[in-house]
Amino acid sequence: MFFAIGVKGQIFYLIFYTISFFLLICIFKEFDNNIRYVFFLIIIYICVSNLFNNQLNGLRQAVATYLGSLGFIFFLKKRITLFWLLYLLAISIHLASIVYIVVLMTPIIYKLMKQQLYLLIVIGIILSFTLNINLFYLITDYLPQNYANHITYNFIENRSLNSMVLKYILIPIYILAISRCNYCNFTPFEKKLFNWGIIGFSMKLGLLGLPIISRVSDYFILLSMYPLYCLFKSLAQKNKHILLVSIISFLISLYFFKTIVFPSAEYTYHSIIKYLF
């Protein structure tokens, strides 16, 4: 469409990244107005969220994710009109973002306590081993045609062991976030967003074995950053600097491992390091 009206690829990408950057800044600001800890969000966004690397593989889905996530946060802050505006806009860009309608379950999610959040992660781990691509063949007749074609013609492959292990490695950090954060001192907004963040991560775990369906969990990538942000912020405020630096160093190392040592999927690119070593 853009090429048809004379807009070149470079200009299109510039427009896309400008919009994405603006939306990301808005999301960071809604997370916390205190820019003192914005470095933590940047680290989590790049090293944990795969949206930083995956944007160009799915332009429409990425923009819809930014819009839907910001709208989701507005709903949690009771700015309902803004939520519906961004929600409808996200759907118009990518229909799968209709999944954000689950935000209406927030009154139930708000009541979840720490023990239940631990349980959600355990359920996610169990589902990651039980849900797999073979289940698709049992429900092909009930899926949308484009998804059914992916299965019928073997376009879908099981995830590599590396990609799954890299998700499992994050489990102890999320568990630490639940145990270390001042959960009882959270504001209603913070508690709701924290709980949804854990749900987003658990969903990512549970759908690891279903490559196409797992894209649904990608819409919660930005929201699932929040529990880690709360953990980093808590450690910084309690002067637990050694533990904080250790976790951040680990995540940075993990990112370089994914992009340089064993790159796959959205992390595959031609690095100069490959030619030097």
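This is a short tour of a predicted model, from one cysteine to a cavity and then to some aromatic rings.

Before you start clicking: local features need pLDDT of at least 70 and side-chain atom pairs count only at pLDDT 80 or more, while totals for chains, interfaces and linings use all residues. Residues are numbered from 1 along each chain as its sequence is written, and side-chain values use heavy atoms, with hydrogens and water left out.

**Stop one: Cys230**

Select Cys230, which sits in helix α13 (residues 226-237); helices here are DSSP runs of H or I with at least four residues, numbered from the N terminus. With a relative accessible area of 9%, Cys230 is buried (under 20% relative accessible area, 1.4 Å probe, protein chains only). Now show its contacts (heavy atoms within 4.5 Å). Leaving aside residues up to four places away in sequence, Cys230 touches Cys181, Phe186 and Phe194. Add Tyr183 too: its C-alpha lies 9.7 Å from that of Cys230, though 47 residues separate them along the chain.

**Stop two: the cavity**

Next, look for the cavity (on a 1 Å grid over the protein atoms alone, a set of points where a 1.4 Å probe fits but cannot get out). There is one of 30 Å³ or more, and its volume, the space filled by probe spheres set on grid points joined across faces, edges and corners, is about 220 Å³. Select Val48, Ser49, Lys167, Leu170 and Lys204, which lie nearest the centre among the 19 lining residues (an atom within 4 Å of a point). Helices α9 (161-168), α11 (188-206) and α14 (241-261) each supply at least two lining residues, and α11 gives the most, with three.

**Stop three: the rings**

Colour the Phe, Tyr and Trp side chains. The model has 20 aromatic pairs (ring centres within 6.5 Å, using the six-membered ring of Trp). Zoom in on Phe40 and Phe232: the centres are 5.6 Å apart and the planes are at 75 degrees, so this pair is edge-to-face (planes over 60 degrees apart). Phe40 is in helix α2 (residues 38-47) and Phe232 in α13, so the pair ties together parts 192 residues apart in sequence. Both rings belong to buried residues. Then select Phe72, Tyr100, Trp196, Tyr219 and Phe220, a cluster linked by ring pairs.

**Last stop: lysines over rings**

Finish with Lys77, which lies over the face of Phe189 at 4.8 Å from the ring centre (NZ of Lys or CZ of Arg within 6 Å of the centre and within 35 degrees of the ring normal). Lys191 lies over the face of Tyr110, at 4.8 Å from that ring's centre.

Key: Buried means under 20% relative accessible area, exposed over 50%, partly exposed in between (1.4 Å probe, protein chains only). On a 1 Å grid over the protein atoms alone, a cavity is a set of points where a 1.4 Å probe fits but cannot get out, and a pocket is an open set with protein on both sides within 12 Å along at least five of seven lines; lining residues have an atom within 4 Å of a point. Rings of Phe, Tyr and Trp (its six-membered ring) pair if their centres lie within 6.5 Å; planes under 30 degrees apart count as stacked, over 60 as edge-to-face and the rest as tilted.
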